[in-house]
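Reader: I have a model open and would like to talk through its inner spaces, its fold and a few of its residues. Could you take my questions one by one?

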Amino acid sequence: MNDGPIGIFDSGVGGTSIWKEITMLLPKEDTIYLADSVNAPYGEKSQEEILKLSIKNTDLLLSKGCKMIVVACNTATTNAINYLRENYQVPFIGIEPAIKPAALKSKTKTIGVLATKGTLSSSLFNSTSEMHASGITIIEQEGTGLVPLVEGGKMQDAQTRRLLEEFVNPMLEQGIDYLVLGCTHYPYLIPLLREILPEHITIIDSGEAVARQTKTVLESQELSKINGSKTKHQFYTNADVSLLKSFLTAVVEPVQINVLDF
């Protein structure tokens, strides 16, 4: 299993923000990235639907020999990862909004969380908030409509700016000093958010923490790659390859993306 790839899945291109962090920290590890763009966004679906999609993605990655799986989707993590860990033998790395560091560092004791409906309504999100944010006011905001805009490559679009302003301005009025991004698509909106937000607002996403946890689990379970073969990254999508390719060309060349009906 040591020489098998790390499997990564998301409801589209957003999880490439996690893939980039993992490959930077673990440059010798092979990866398989699965973009389920046909079913994006997961955040608007029922828990039952999210679980079925997560099982489908997991089975496909395991069929390709993955030694561990990173659920590069906050909604899938909060709604499905407990089931996945109980029913599969490989390690799973999940993603949760980075509430803990924001809560620890906030001076105003008020933080904002921009996430999908599926994440904010989950029991895992609520338990994490209760555990790490005692005495902290959390302003929750559903980022409705943002995932399709990122999936459409519209990170600097006027409509995207209007939505972000609509979402973050009420948070600013309530005195947040940290904005937690609770969806792996949202880091691609940071350049636009930086234009909108005052300088004193700190933006936090989970990418680096997920990469560190992936490394920790690989080493603790002795799953790190042993052979010295050239690193191989495989990408699969069930939608137009051009969008996924546009998110990857600056990082890995040449990019070969396989289209699968899944």
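Reader: How does the lining of the second largest cavity divide by class into nonpolar, polar and charged residues?
Author: Happy to start there, and please keep in mind that this is a predicted model. The lining includes Ile 18, Ile 95, Leu 181 and Pro 187 as well as Ser 17, Asn 74 and Asp 205. By class, the count is five nonpolar, five polar and one charged.

Reader: What volume does the second largest cavity have?
Author: A search of the whole structure turns up two cavities of 30 Å³ or more. For the second largest cavity, the space comes to about 60 Å³.

Reader: Which residues are closest to the centre of the largest cavity?
Author: The largest cavity has a volume of about 70 Å³. Its lining holds five nonpolar, seven polar and one charged residues. Of the 13 residues in that lining, the closest to the centre are Ser 11, Cys 73, Thr 75, Thr 116 and Cys 183.

Reader: Is Thr 75 buried or exposed?
Author: Thr 75 sits in helix α3. Leaving out neighbours within four places in sequence, its contacts are Tyr 42, Gly 43, Ile 50, Thr 116, Gly 118 and Thr 119. Its relative accessibility is 3%, and the cut-off for burial is under 20%. Thr 75 therefore counts as buried.

Reader: Let's turn to the largest pocket. Which residues are closest to its centre?
Author: The largest pocket offers about 620 Å³ of space. Among the 33 residues that line the largest pocket, the closest to its centre are Glu 96, Ala 98, Ser 206, Ala 209 and Val 210.

Reader: Which element gives the largest share of the lining of the largest pocket?
Author: The elements that give two or more residues to this lining are α1, α3, β4, α4, α6, β8 and α10. By class, the lining has 17 nonpolar, eight polar and eight charged residues. The largest share is five residues, and the element that supplies them is α10.

Reader: How many residues of α1 are buried?
Author: The buried residues of α1 are Thr 16, Ser 17, Ile 18, Trp 19, Lys 20, Ile 22 and Thr 23. Their cover includes β1, β2, β3, α10, β9 and α11. This helix is mostly covered, and of its 10 residues the number buried is seven.

Reader: Now for the whole chain, with its helices and strands. What radius of gyration does the chain have, and how does that fit a compact globule?
Author: The chain has 11 helices and 10 strands, and its C-alpha trace spans about 55 × 35 × 35 Å along the principal axes. For 262 residues, a compact globule would have a radius of gyration near 18 Å. The value for the chain agrees with that: 18 Å.

Reader: What share of the contacts with a separation of 6 or more comes from residues 24 or more positions apart?
Author: Of the 262 residues, 55% count as buried. The chain exposes about 11800 Å², and 48% of that is supplied by carbon and sulfur atoms. As for the contacts with a separation of 6 or more, the share from residues 24 or more positions apart is 75%.

Reader: How far apart in space are Thr 58 and Phe 9, C-alpha to C-alpha?
Author: Thr 58 belongs to helix α2 and counts as buried, because its relative accessibility is 0%. Not counting residues up to four places away in sequence, Thr 58 touches Phe 9, Ile 69, Leu 84, Tyr 88 and Phe 92. Thr 58 and Phe 9 are 49 residues apart in sequence, while their C-alpha distance is 8.0 Å.

Reader: Which residues are joined by a cis peptide bond?
Author: One partner, Pro 41, is found in the loop between β2 and α2. With omega at about 0 degrees, the bond is cis, and the residues it joins are Ala 40 and Pro 41.

Reader: What is the phi of Glu 222, and is the residue buried or exposed?
Author: Glu 222 lies in the loop between α10 and β9. Its phi is positive, near 55 degrees, although the residue is not a glycine. Its relative accessible area is 64%, so Glu 222 is exposed.

Reader: And where does Lys 109 lie?
Author: Lys 109 is not a glycine, yet has a positive phi of about 60 degrees. Its relative accessible area is 41%, so Lys 109 is partly exposed. Its place is the loop between α4 and β5.

Technical notes
Residues numbered from 1 in each chain as written. Predicted model: local features only at pLDDT ≥ 70, side-chain atom pairs only at ≥ 80, totals over all residues. Heavy atoms only, no water. 1 Å grid on protein atoms, 1.4 Å probe; cavity = no way out; pocket = protein on both sides within 12 Å on 5 of 7 lines; lining within 4 Å. Points joined across faces, edges and corners; volume = space filled by probe spheres on them. Helix = DSSP H or I, 4+ residues; strand = E, 2+ residues; numbered from the N terminus. Nonpolar A, V, L, I, M, F, W, Y, C, P; charged D, E, K, R; others polar. Rg over C-alpha atoms; globule rule 2.2 N^0.38 Å. Buried < 20%, exposed > 50% of the residue type's maximum accessible area, 1.4 Å probe, protein only. Contact = heavy atoms within 4.5 Å. Areas by Shrake-Rupley, 256 points an atom, 1.4 Å probe, with all protein chains shown as cover.
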